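Please take a look at the model below with us. We will begin with a pair of charged side chains and work outward from there.

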Amino acid sequence: MKLKSKTIGTRIKEARVARGITQAALAEACNLSIKQIGEIERDRNLPRTIPTFALIIKTLDIDPDVILFGETSITKSSNPINDFLESLGSAENGAIEIARQFDKNRCI
């Protein structure tokens with residue numbers, strides 16, 4: 001997949017819109033506010049934690065390379081970020097949720 005946009009925020013928005021996901025739905029899935037999603041999409045803020053970024057790309061079901069670089073730069077099977085995300089079990093997802101809750105009021 002390739003996205004036309006030049007920035008991470010606009011790539012997130014482009015992927016969200018292409019999948020028919022609303023800002024509200026993405027915000028809820030990532031435990032962020034709609035305002036925070038809008039700020040990310042307008043490049044006023046970026047996801048500042050790995051758990052937040054992981055939740056966004058997991059919710060959008062998109063290769064992280066597409067968001068970071070605009071296109072897949074290496075095969076999905078050899079992408080260390082995808083390998084990590086796919087290896088997460090329920091305990092690790094729980095740890096991400098705890099970290100996300102802890103960081104919720106400190107940063108996006």
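The side chains of Glu41 and Arg16 join in a salt bridge, with 2.5 Å from N to O. A salt bridge here is a side-chain nitrogen of Lys or Arg within 4 Å of a carboxyl oxygen of Asp or Glu, and a search of the whole structure turns up 1 of them. Glu41 sits in helix α3 and Arg16 in helix α1, so the pair ties together parts that lie 25 residues apart in sequence. Both Glu41 and Arg16 are buried. Buried means under 20% relative accessible area, exposed means over 50%, and partly exposed is in between (1.4 Å probe, protein chains only).

A word on how to read this: the model is predicted, local features need pLDDT of at least 70, side-chain atom pairs count only at pLDDT 80 or more, and totals for chains, interfaces and linings use all residues. Residues are numbered from 1 along each chain as its sequence is written, and side-chain values use heavy atoms, with hydrogens and water left out.

**The overall picture**

The protein has 7 helices and 0 strands, so named because helices (H or I, at least four residues) and strands (E, at least two) are DSSP runs, numbered from the N terminus. From the N terminus on, the order is α-α-α-α-α-α-α. Of the 108 residues in the protein, 41% are buried. The accessible surface comes to about 6200 Å², and 57% of it belongs to carbon and sulfur atoms; these areas come from the Shrake-Rupley method with a 1.4 Å probe, and for residues only the protein chains shown count as cover. Among contacts with a separation of 6 or more, 60% are between residues 24 or more positions apart, where contact means heavy atoms within 4.5 Å.

How confident is the predictor? The mean pLDDT of the protein is 79, and 62% of its residues reach 70 or more; pLDDT is the predictor's confidence in each residue, from 0 to 100. Confidence is highest in α3, at 96, and lowest in helix α7 (residues 90–103), at a mean of 61.

**The nonpolar core**

Which residues have the most contacts inside the largest nonpolar core? They are Ile12, Leu26, Cys30, Ile56, Leu60, Ile62 and Ile67, in a core of 17 residues. The elements that give two or more residues to this core are α1 (8–18), α2 (23–29), α3 (34–41), α4 (50–60) and α5 (64–69). Helix α4 gives the largest share, 5 residues. A nonpolar core is a set of buried Ala, Val, Leu, Ile, Met, Phe, Trp, Tyr and Cys residues joined through side-chain atoms within 4.5 Å.

Helix α4 is mostly covered, with 8 of its 11 residues buried. They are Pro51, Thr52, Phe53, Ala54, Leu55, Ile56, Ile57 and Leu60.

In α1, the buried residues are Gly9, Arg11, Ile12, Ala15 and Arg16. Seen down the axis of α1, they fall within an arc of 165°, so they line one face of the helix; the arc is that of the directions from the helix axis to the C-beta atoms. As general background, an α-helix has 3.6 residues a turn, so residues three or four places apart point the same way. The cover over the buried residues of α1 includes α2, α3, α4 and α5. Ile12 itself, leaving aside neighbours within four places in sequence, is in contact with Leu26, Ile40, Glu41, Pro47, Ile56, Leu60 and Ile67.

**Gly38 and the loops**

Gly38 belongs to helix α3 and is buried, with a relative accessible area of 3%. Its C-alpha atom is 9.3 Å from that of Ala27, 11 residues away along the chain.

Several loop residues are worth finding on the model:

| Residue | Loop | Relative accessibility |
|---|---|---|
| Asn31 | between α2 and α3 | 22%, partly exposed |
| Leu46 | between α3 and α4 | 36%, partly exposed |
| Asp61 | between α4 and α5 | 58%, exposed |

Phi of Asn31 is near 55°, a positive value in a residue other than glycine. Asp61, just after α4, takes a positive phi of about 50°. Gly20, just after α1, also has a positive phi, of about 70°. As for Leu46, its C-alpha atom is 7.0 Å from that of Gly9, and the two residues are 37 residues apart along the chain.
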